[in-house]
Amino acid sequence: EVQLVESGGGLVQAGGSLRLSCAASGFAFDRYSIGWFRQAPGKDREGVSCISIGDGHSWYAESVRGRFTISSDKAKNMVYLQMNSLKPEDTAVYYCAADFVVGDSSWFLSSLYDHWGQGTPVTVSA
């Protein structure tokens, strides 16, 4: 019943922008935090950003701070990741994930997230 569906990935040139979307259903959206993670070939899954739906608090990895912006639309059960000034090293499959308890010291820990989408690939060409 719990479902997370990502969309918006694609191919873009370095310096360009993409907006990823995560559609959530089947759980109490306002009680959760939604994180964005990415995984490149041969690499561990990396936390990119997270937002607490109830209060709007957000976190960012240092590698994307100032370039990416996370936001939510409570009425639509949607979370977005606006990605600007994209770099080739941003190339990865991007996943959204839901976690009930998130804080400063835990938002980036993929093992704590309860539910995951299937991912949407992002390729940034040089």
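Select Ser71 to begin: leaving aside its neighbours within four places in sequence, it is in contact with Ile51, Met78, Val79 and Tyr80. Contact here means heavy atoms within 4.5 Å.

This is a predicted model, in which local features need pLDDT of at least 70, side-chain atom pairs count only at pLDDT 80 or more, and totals for chains, interfaces and linings use all residues. Residues are numbered from 1 along each chain as its sequence is written, and side-chain values use heavy atoms, with hydrogens and water left out.

**Stop 1: around Ser71**

Widen the selection to residues 68-73, which make up strand E7, where Ser71 lies. Strands (E, at least two residues) and helices (H or I, at least four) are DSSP runs, numbered from the N terminus. Is Ser71 buried or exposed? Ser71 counts as partly exposed because its relative accessibility is 32%. Buried means under 20% relative accessible area, exposed over 50%, and partly exposed in between (1.4 Å probe, protein chains only). Now add Tyr95, which is 24 residues from Ser71 in sequence and 15 Å from it in space, C-alpha to C-alpha.

**Stop 2: strand E1**

Select residues 3-7, strand E1, and show the side chains, which alternate. Leu4 and Glu6 point to one face and are buried; Gln3, Val5 and Ser7 point to the other and are not. Next, add residues 18-25, strand E3, which runs antiparallel to E1 and is joined to it by five bridges. Two strands pair if DSSP finds at least two bridges between them. Which residue in E3 is the bridge partner of Val5? Ala23 is that partner.

**Stop 3: a surface patch**

Move to the loop between strand E9 (92-99) and strand E10 (115-116), and pick Leu112 there. Leu112 is partly exposed, because its relative accessible area is 37%. Add Phe108 and Leu109: with Leu112 they form a nonpolar patch on the surface, with about 240 Å² of accessible area together. Patches are made of residues with over 30% relative accessible area and no salt bridge (a side-chain nitrogen of Lys or Arg within 4 Å of a carboxyl oxygen of Asp or Glu). Like charges are joined within 9 Å, and nonpolar side chains (Val, Leu, Ile, Met, Phe, Trp, Tyr) within 5 Å. Accessible areas come from the Shrake-Rupley method with a 1.4 Å probe; for residues, only the protein chains shown count as cover.

**Stop 4: the whole chain**

Zoom out and color by secondary structure: the chain has zero helices and eleven strands. Its C-alpha trace spans about 40 × 30 × 25 Å along the principal axes. Of the 126 residues, 44% count as buried. The chain exposes about 6300 Å², of which carbon and sulfur atoms supply 48%.
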